[in-house]
Amino acid sequence: MINSSEAVAHAFLRAINRQDVEEIVVLMAPDHRFVDSLGNVVLGRDKMRAGWAGYFKMVPDYTIAIEETFCDGLVVLMLGVAEGTYAPDGNIKPENRWKTPVALRAQVEDGLVTEWRVYADNEPLRERMRKSS
């Protein structure tokens, strides 16, 4: 079992970078709370299983590169860059690639992520989505 908050948060991030929905779910607390950059909240492991699966269909090469990590007990803050390609039809086209700075806040308790909060400017992705409509 992963024992430090920082190790759990980084394992969660690696699962995201592999688009491994089942591993993401294994690392979530049953009452997991996801908060996106607009403040929208999704509660529960099962809802987030569907949420991550849908997001990876829309952005199949989504990755996050972390440049700095700060840990204070149960809270882990990671700073870096998120990027991917908007591919609603499954076809990855270079013109639909985007990249944006990201801050992630993980709350970890008993070896599981109880909250994953994303702070990012999603305008680069929204722009690709508008152009594809």
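The following dialogue introduces the reading of a predicted model.

Trainee: What should I know about the model before I begin?

Mentor: This is a predicted model, in which local features need pLDDT of at least 70, side-chain atom pairs count only at pLDDT 80 or more, and totals for chains, interfaces and linings use all residues. Residues are numbered from 1 along each chain as its sequence is written, and side-chain values use heavy atoms, with hydrogens and water left out.

Trainee: How many helices and strands are there in the chain?

Mentor: Helices (H or I, at least four residues) and strands (E, at least two) are DSSP runs, numbered from the N terminus. The chain has four helices and six strands, and along the sequence they follow the pattern α-α-β-β-α-β-β-β-β-α.

Trainee: In what order do the strands form the sheet?

Mentor: Strands of a sheet pair through backbone hydrogen bonds, either parallel or antiparallel. Two strands are taken to pair if DSSP finds at least two bridges between them. Here six strands form an open sheet in the order 2-1-6-5-4-3, with mixed pairing. Strand 2 (41-43) and strand 3 (63-72) stand at the edges with a single partner strand each, so one side of each has no neighbour in the sheet. From one strand to the next, the twist averages 20°.

Trainee: Which bridges join the strands around strand 4?

Mentor: Strand 3 and strand 4 run antiparallel and are joined by nine bridges; Ile-66, for example, has Gly-80 in strand 4 as its bridge partner. These two strands form a hairpin with two residues between them, and Gly-73 in the turn has a positive phi of about 65°. Strand 4 also pairs with strand 5 in the antiparallel sense, over eleven bridges, and the partner of Ala-82 in strand 5 is Thr-100. At the other edge, three bridges join strand 1 (residues 28-35) to strand 2, again antiparallel.

Trainee: Which strands does helix 1 touch?

Mentor: Contact means heavy atoms within 4.5 Å. Axes are lines fitted to C-alpha atoms, for helices over the stretch in contact, and angles run from 0 to 180 degrees between N-to-C directions. Helix 1 (residues 5-17) packs on the sheet, touching strand 1, strand 3, strand 4, strand 5 (97-109) and strand 6 (112-120), and its direction makes about 170° with that of strand 3. Gln-19, whose phi is positive, near 55°, follows helix 1.

Trainee: Is Thr-85 buried or exposed?

Mentor: Buried means under 20% relative accessible area, exposed over 50%, and partly exposed in between (1.4 Å probe, protein chains only). Thr-85 lies in strand 4 (residues 75-85) and counts as buried because its relative accessibility is 1%. Leaving aside residues up to four places away in sequence, the residues that Thr-85 touches include Met-58, Ile-92 and Trp-98. Strand 4 itself is mostly covered, with eight of its eleven residues buried. By contrast, Asp-46 in helix 3 (residues 45-58) is exposed, with a relative accessible area of 56%.

Trainee: What is the radius of gyration of the chain?

Mentor: The radius of gyration is taken over C-alpha atoms, and the globule rule is 2.2 Å times the number of residues to the power 0.38. For 133 residues a compact globule would have a radius near 14 Å, and the chain agrees, with 14 Å. Its C-alpha trace spans about 45 × 30 × 25 Å along the principal axes, and buried residues make up 40% of the 133 residues.
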